Structure formats: C-alpha cells, structure tokens
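I am opening a notebook on a structure that is new to me. I will write down what I looked up, one entry at a time.

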Amino acid sequence: MTGQSITRHMCLGLLDRIVVFLLLVVLTFVLPRLMPGDALDLMLSSDMARSMSRAETDNLRQSMGLDATISTQFLTYVTNLAQGDLGRSIQHAAFVSDLIGRALPWTLLLVLAALPVYLGISVVIGIEAGREPHGKTDRAFTGVMTLLASVPPYSAAVFLLLGFAVLWPLFPASGAEPLFPSPDPLSRSLAIARHAVLPVLALSLHEIVRFYFLTRGEAVGLSGRPFVLNARARGIGGWRERVNYFGRNLLATLLARMTDSVAALFGAVIYIEIVFAYPGIGLLLYEAILSRDHVLLQGIVLTISALFLTVNWVLDAASANLAARG
Amino acid sequence: MRLLSWHPSRAATATAAVLALCLMLPELLPPYVTTRDVLQPPGPEHWLGTNDIGQDVLTGLLRAAPNTVLIALLAAAAALALSIPFASLTVTSPRWLQRTLMRVVDVLQIVPSVLVILLIAAWVQPGLGGIALLLALTIWPDDVRVLRTAFRREIARENVAVARQLGGSWTYCIGRHVLPAMGPVLLGLFLQHVRQAALKTAGLGFLGLTDPRLVTWGSMMQDALDHLHTSAWIWLLLPPAACLTLFLHGVLRAGGRLERSGQTLTTGLA
Amino acid sequence: MSCSVLNRISVAILLLNSALYAVPTRAQTAADTRPLVIADSRGDYGLLAPFAHMKNGPAYLYTSYVFDTLVAQDAQGNLVPALAKSWSRSADGLSWGIELDQRARWHDGTPVTAGDVAFTVSYMAEHPYVFASTAGIAGAEAVSATHLKLQLKQSDAGFVSGTLASLPILPQHIYGTISDPETFTQKAAATGSGPYILDTQDKAQGRYLLRRNDAYYRGAPKFPSIAIVKMPTDAAIVALKNSEVDVITDVPLDRADIIRSAGLKVVEAPSNHPMRLTFNHAGPFGAKAARHALAHAIDRQGLVDVAYRGAAVVAEPGFFQKGSPWRAPTVLDGYPTDIAKAKSLLTGLGWSQGEAGRWSRSGQSVTLRLVAAPQAKAVATALTDQLEAFGLAIELRLMEPAQLQEQIESGAYELALFSSSTMGDPGSLMRKVFGPAFNSDRFPDHAELRNLLIKQAVSTDATERLRILEKVQAIYAEELPSLLLVNPIWATAHNDRVTPTFLPDGVAIGIPMAMHKAVLLP
C-alpha cells in the first residue's frame, strides 16, 4: 500500500465505524421501546409501592420525559448524546457518565494487566513449540492448549474462583478492594493487585490459546525458512534466535490479530467481572440488564462500542501501516 | 484416528442423524421433574445427584444436550444460508453493487457482536429458535470474505466458464458447479460456527439471559454457582462444564482433522 | 526444573500474603470506633433521599436512617413518637393535631418545624412519592413552629401506622426550590432529620458510609458510623466470621447452621411476603369450586420442601399470616391436600378426566397458562410439576415485570404466581383485592367483601376494625380471590455488636427486614 492509499484506508475505516456507531445509537434507542412497559412501570412494579392515581403517574411520566412523542424523544436522545450527556439512571439516582466513569478504570485495569500476561506467555511458549514442529515441547504445549481452547471463559473463571478462593483461599473471592481500603497507598495498591490476580488470570487464559496457536503457526512457517536454518547452522540459538529471528517477524501478525483480541476481551471481561463480583463496567452492564435500567444499558453499550471502535480503528491503521512498510 | 474422512455428504448425514437424535431424545428420557430429594449427592438412585429443586442432574444433562447442540447446528446452518447467497452476489453482480456489498460487510464485521447479542437477549430472553437466529445474524458477516475468495477461485475454473458460455444462469452455475466444489470450505466454516454458537449459547445461559425454561449446559452451570461453597458443586458444576468442554473439544478436533487433511483454507482455531 | 519454579512461585505468593496480612487493617486497630458494617447482597440503592432512592424495600429502609418520620416504631414494632412528640384525633376522625418535638434538627442544624411538615404534605401532592401517599390529606396548616393541624378528606383507620409512620419529612429550606426532585441528587438532597448522616457513597463498589448524628433529638445513636456494603452472601459469611462484617441482612436459611456453629447468631422469621397464586377470574377459575379444587390439588408442604428446602412455611388462606397483628385468632381451614376432593369438585363443574389422566372441559382438553416472574422459577417449576401430575397440562411462562403486566392485562393467562406483601396497614387491602393493578387479585365485585373492606378502612375504633378484619379473612379464605401458597422465611445473621429483630408487621410500609431503625437507637 502506498501512503495515499493508507490515508484512504484510514478514512474509509473511520467512516465505517461512524456508521456502525450510529446504527448502535438507533438500536439502543429502539429496542427498549419495542418492549412492553416503560421506565415508570418498572419503577412502580415493586410490590410495596402504593397504587398511584392516573394523575400521579401522568405527572411522574411527564417529569421523566416519557410522555413525549417517539420522534421528540429520539431528538432529545441524540442531542444529549452529541453533548456527551448519556442521561440519568433512575435506579442509581446518578448520571450514567458518572457511573461509567467509576466502573471503567477497574475494567481497564483488568484488561491492561491481562494484555502483557497473555501476550508474554503465548508468544514465549508459541515460539518454543513452533521452533521444532512436532517435537516433544510442541506436542505437550499444543495438547494442553487444545484442551484449554475448549474451556469457555466463564468456566475458567468459575474454576479459578473455586480453586484459589474457595477451596484453597489464597486470593480474595470477590471485589476489587478490601472492605476498608488501607490509607497507605502502597498497601492499598498491593491489596488491589491481590484482588486482581484471579480475574486477570481468567481473562488471560482465553487469549493465551488464541495467540499461542497464532504464534506457533507463524513460528512453524519461520522455522523452515532459509534465514532461520542459516542462523542455526551458524550456531545462533537461545534467546538471540528466539527474539531476533522469531519474535521480530511475528510482530505484524500479532498486531493484526489484536483487533479480534480486543473484541474477545470485551466479551470475556463481562463474564469474569460477574463471577468475581468485580466492580467494573461488565458487572455494571449485567446489573443494568437485571434491573432493566435501560438508560444505563444504553450508556454502557454506547461507551464500550465507542471505545472498542476507536481501539479497533487504531489497531487496524497500525497494522495497515506495518504491512505497508513490509 | 482417522476412521472418518470428512466428506460434506458424510457430514450432512451425520448432522441429520444428530438432529433426529436431538428431536427424539427428550421423548425417550425420563421426565425432568422436581422431587423432594433436593441436593442429593450422586448415588444409585440419581447417578449424578440432584439439584436444589430435586431435579435429576443426569436427566438435565441429557435434556440440555439437544438444546445446546440443536441451537449450535441451527445457528451455523442459518449463518451459511445467509452468507452463501451474499458472497455469491459479491462475485457475480455488477461492479458497483459488488463494491457496495463489500462495504456493507466491512461495516457489519466491526459491529461489536457481543454487545448486540447481550442487548437483544436482555430484552427478549430468546428461546431456542431466537438464540439460533440471533447468533446466525451476528456470525454470517465474518464468512463473506472467505467465501468470496473461494467463489472467485471456483468461478475461474474451466467448467464454470463453459457452462456460462452455454447460457447457464449464475444460479445454475453456482448451484451445480461452484458450491459442490466448495464443500470442504463450507464444512470448515460450518464447524467453526457450531463451536462459536455453542460457546455463546452456553454463555447466554450462564448469564441467565435465555428463556428460563430452556435447559442448557450454560444455565445448569449458572444454577450451580450458588453452591460453590458447599460440596454440591462437585455434581452440579462439574458435569455440565465437562459436557460443554467435551463438545467444544470434539468439534475442534473435527475441524482440526479436516484442516490436516488439507481440504480447506480456513483456520479452525484462532 | 519446573518443580523448583513452582516452589519459588508458591514461596513468593506466601511471602506476598504474609506481607499483606502484616499490614494492620483499620478494623483490627480500633474495634470500638469501627463502623457497624451491614453486608447486603444487592448493590446500589441510589441516593438515600426520598425521591432518589431505588424503589424497593431495602432502599426505603436505609433511607429511613437518614430521614425521620413523624411517628416511628420501637424494637417491638409499637408506634412511638418521633418527630411528632404527640398526636391527637378529633372525634369524627377528620382532623388531627400534631405537636412536634422541638429538639429535632435537620442535619445542617436548622430546626425541624411544623412548616416543614406542611411543606412535605403539599410537596408530595405535587411530586408523588412511591411509598407513601398524602392523597387523603385535605390540608395541612402550621399553627406555630411546633404545632400542626391536618385535615383529612375522610376518616382513615390507618392514618398513624399507614401515613404518619411512613411519610419521610423533607426540609423546606432545601426542597423548597427544587422543582424536579427525582433528578436532585446532590448531597444536599440527603439532608434529613434522622439518626445518621450520609457521609460518602461509592456507587462502583456499592458502599455507603453514614456517620452518627450526634445532635439527634432522641438520644445519640449507638454506633459512631455505619457502613452498608455490597457483598456476595458467601463472601459476607466469611467476613462475618472474621469480624469484618457485623450484619448480613439476607442469608439463605441453609447457611444458618454454618453461621451458628461459628458462634454467631441468626434471626429468622416468616417474611409474610407469601407466594400468591392469582387467577384469571374471567377464565375457568371464575368458578369458586374450581379454585377450591386447585387448592386441594396443590401440596403446599411439597412446595416448601422442594422449592425452598424447608426455608418457608405453608401460607394461610385468609390473607394475613401468622404473626400479623391483624390476623384473626381463629385457625382457618387450610385446604389440606386432597386429590379425591379436588377431582370430585372439578367433575362437579363438568370437567372430565380422559385417558392418561388429562383433564378436559366441555370436550376440550385443558391447558393452563401459568405466568410468573423469573425470580419465582423454582416454586413455579415445582407447582407446574404438581399440577401436571394431577392431570392439568401447564404451560409455564417466566417473564419480566413489564411483560408480565402486559400479559395479565391482556387476559392471556389462567394462573399467575407472585410474591406479595401481606404486611402493613390493611387500608391497602381494597386495592390488593379489587384493584386493577396486574399484581392485585383483580377479583370481580363481591358486595359483602367490598363493604367490609371499606368499613375497616375508615373505622375509628381499633377493636371494631379487628372484628371486621376477622370477617374479611373468613370470606377471603372461603372465596379465594387468590390462593396463598407458601410463606418464605427470611433470615439475618449478626454478631454480638447488634441485635436485629423482625417486626411482626414489618417496617413502616411492611418491609420484612430486621435492621430497622430502632436497632440503632439507644
């Protein structure tokens, strides 16, 4: 690709992602309104709530902005979105952006901590296995990985929880922090790290498999290439061989696959936060689903999508650039 | 072990057999009813114990099997039923339309499908058919590029060119010459979808977002979550988790075998 | 080699562990000043202010720590003075005089006045509050700073227990300028006159910190501060054992033994929020005999054993449950399981049982649509199995509240299963039996029952009211506007720092929770 075509590629990519985002805006608006009942009905469905007169419910409906026509509601929705206002969650009595702002850092902590873990492990063992295809190491690693590939992220999370928090309580079973965080920043960070170990591990497991097979496949290809054979004949081995000859040549492929990986991570993190009751955005999303808080649900879906589409675009552009440089 | 060679016709027979079994199995099984024997450990009466409302876990497992497998097969077939015509259009239609269609695919491919599935499932709590449709709708755009490449390769072959010159319509040519030659690719994609769909169905069940009456391995695992702190997890959690993993593993192996026999270009795993 | 690596890792983990444990937690250093920690499996309840809290029982209860009502309940559930030092009723029951406690202060130090109460009444007329209604009040007048006169539209037997004890009083100097209280979520919105002041709230972690209102007019509350934290039940049990948590508001009863064996306490009581089977009275169950048949066909003890694993009791058919102050002392016939009787009742209605035992009605085989909320899955499944065994084909549908509401309003059901409150002042019985709401009995007109319900609601004589309610219960049990099936038992675990108790008629509006406000007061 030439420089010009890369620019074109990036512009088109951006356009696509804007289209997708707009589609999601429409979807998040339409879906809850297709279903019976509105936010007020839900609010009053508590068994302890007294029965309200028609005038009272009309009054409430009006103050909640539910009495407007669909088109007016949509217009308000889009205008507010454009101003970065995701609305208010009635159940939480808070601005959606506020709720997301508090939850997102925890999710990012998990994802960013998992990234080096799974990339590191999968690349190292992938190269190790692919250096000598069908050797002992390869067979062992590939066997284990094939099995792991069939363990869904929620199973992995549950078994990690069971193993290392319940049966052998090495790590805390839930939450991101102790009940009363220590005022000392160092011990507080240590406690946060301790709470993050199992979720990060569960999140990494799934991606390790994907990148292991990718790395191994590439490494198998490379191990037959003349420059590697030459290097080996010259006695180059150990770290130099693995880093300079395998590692470097893997970069482009890994980067290209990161796009899928980011999507998979966002999917898996929801399950993992639920299992570990980790107060991130996945748990918030799940609770919004359970409590039918559709304003919050909309806000979270749009935020995650925006985040995901941006990362996806940047990675796509980066790998296109890398591919162009060869 | 290479007892079976994975010809598409064999696969179709196998699928049909599995389908028939899925439909018949619930009739043959004892009813999945609540009893007073709640949370019984495995024993002669209940081989795999009972859950917290006295339902037999083994019966549940066997009843969940057709649901999970059926959804996966249906979703995979439906996804192909959508992507094949679409992909053939992207090869045979006029240039401008081809370009438009491919843009559509580009757009659909970057839709964060996990979120869309969650969003829709949250509102409609889909049953068996609904889940299959939902999964098919989010899976198919990923096929188009693979299929398009395969279509191009097949269409460039001599027999198609001859048929076209003799006045055969595209529908005829694709149905008669192109699709049969693409068997292995289609089978590869099919297996990949079955795996993905089973994984996602169980995931939805695990989150409790499917129709609560639909017993799946995922929903059985969810029910077990309340019992992690007692020994009941041994018979409530392990069996459905093992079944799911075994099924996924089986499909994976089948795909891997297909790949090793060099019949397809797609990668089953990553 | 790999073995030594593993060893090294585990040593490292152990070191890390001991390093972490060596850090003294706040809890260990200052046992006396540490907050009373209340663990709850549910999360965020919104802002603890009347219009901004979530619309459910626990949210109302926790808000009551911050906002006082005119009348309160003591640890036995008796009505005692709170913001109102005394109250009196005119002979016709239409006007009330209320004398406020002049020591009462808002959390910002401003005195609580009769003006605030009058303001609350008119403000709530304009901005309806879900848990208490001021609709019966015709006018409120502040005669002086501490004296208030209330005029009612009609005599109301439950005015003290139903309205005065459940209406949170709002500060006029704060809410006076707020036109949209649902969106007023600054901290000032939580300025109440209650024993605790909202300190901080962490929504992501689902945690509230409240500090003692040292100037509280009813005496300084017991605990310097309270933390309400969200925790999964099993994690909370571990924390309770480690003294990190003092109360778990909702523990499954099958964990009670584990907790008790650790030297901790569990209080339990029937929730009096029974599972109620309602009928579509426009369908086959419009006939009383059909309802009776169903009542005899259901093995309610079986439902307790299967769906609740014993953590429930069989419910009584006369609406009020054991323990309720409104329940008549006479024991009502509880429709014992009697399949033969059930069959003969149905046969008497012209139903017939075909081969394989399936019931049909006027030649058509019967399939009953049973709708329930997903939370009722276990009991709905067990009920379905029982009715299927009796020969009734059941189509069970579990759906979300909004969907359920639509389904019931459209009439596309025969049976519906709900959890519903039988607590609180019986003034609400009229709407619970005859009301149009989807979760009421939707019972067609029954002149005698209707008259009795009206009479008890306006009765000014307590004994007379109880006598009327006794008749109401007898008719309810005979007519079965709906069939009460099982009454789940709720349990709260705690340590020695605090003694939660379940109140016989629930907290204020009928919330079956043991951590009511009186537990926190001296």
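**Entry 1: a charged pair in chain A**

I began with A:Arg242, which has a relative accessible area of 17% and is therefore buried, since buried means under 20% relative accessible area. I keep in mind that this is a predicted model. Looking for a partner, I found that A:Arg242 forms a salt bridge with A:Glu128, with 2.7 Å between the closest N and O atoms. The two residues come from distant parts of the chain, for A:Arg242 belongs to helix α10 (residues 238-275) of chain A and A:Glu128 to helix α5 (residues 96-131) of chain A, 114 residues apart. I then asked myself whether A:Glu128 is buried, exposed or partly exposed. With a relative accessible area of 24%, A:Glu128 is partly exposed.

**Entry 2: chain A as a whole**

Having seen two of its helices, I looked up the rest of chain A, which holds twelve helices and two strands. Along the sequence the pattern reads α-α-α-α-β-β-α-α-α-α-α-α-α-α. I noted that the C-alpha atoms of chain A fill a box of roughly 90 × 55 × 40 Å along the principal axes. Of the 326 residues in chain A, 52% are buried. Among the contacts in chain A with a separation of 6 or more, 74% are made by residues 24 or more positions apart. The chain exposes about 14,200 Å², and carbon and sulfur atoms supply 67% of that area. As for charge, chain A has 24 positive and 22 negative charges, and the mean positions of these two sets are 13 Å apart.

**Entry 3: salt bridges in chain C**

I next looked up how many salt bridges there are over all chains, and the count comes to 35. One that I followed up in chain C joins the side chains of C:Lys517 and C:Asp68, at 2.6 Å from N to O. C:Lys517 lies in the segment after β21 (482-494) of chain C, and C:Asp68 lies in the loop between α3 (57-66) and β2 (71-73) of chain C, so this pair ties together parts that are 449 residues apart in sequence. C:Lys517 is buried, with a relative accessible area of 10%, and C:Asp68 is buried as well, with a value of 0%.

I also looked at C:Arg291 and C:Glu479, whose side chains meet in a salt bridge of 3.9 Å, N to O. This pair, too, links distant parts of the chain, with C:Arg291 in helix α9 (residues 288-297) of chain C and C:Glu479 in helix α16 (residues 462-479) of chain C, 188 residues apart. Are these partners buried or exposed? C:Arg291 is buried at a relative accessible area of 2%, and C:Glu479 is buried at 15%.

**Entry 4: where chains A and B share charges**

From single pairs I turned to a network, in which salt bridges that share partners join A:Asp16, B:Arg103, B:Asp106 and B:Arg145. My last search was for charge on the surface, where A:Arg8, B:Arg95, B:Arg99 and B:Arg152 gather in a patch of positive charge. I picked out B:Arg99, which is found in helix α3 (residues 95-109) of chain B. B:Arg99 counts as exposed because its relative accessibility is 57%, and exposed means over 50%.

Technical notes
Residues numbered from 1 in each chain as written. Chains lettered and ligands numbered in written order. Predicted model: local features only at pLDDT ≥ 70, side-chain atom pairs only at ≥ 80, totals over all residues. Heavy atoms only, no water. Patch = residues over 30% accessible without salt bridge, like charges linked within 9 Å, V, L, I, M, F, W, Y side chains within 5 Å. Areas by Shrake-Rupley, 256 points an atom, 1.4 Å probe, with all protein chains shown as cover. Salt bridge = Lys/Arg side-chain N within 4 Å of Asp/Glu carboxyl O. Lys, Arg positive; Asp, Glu negative; His and termini not counted. Charge placed at Lys NZ, Arg CZ, Asp CG, Glu CD. Helix = DSSP H or I, 4+ residues; strand = E, 2+ residues; numbered from the N terminus. Buried < 20%, exposed > 50% of the residue type's maximum accessible area, 1.4 Å probe, protein only. Contact = heavy atoms within 4.5 Å.
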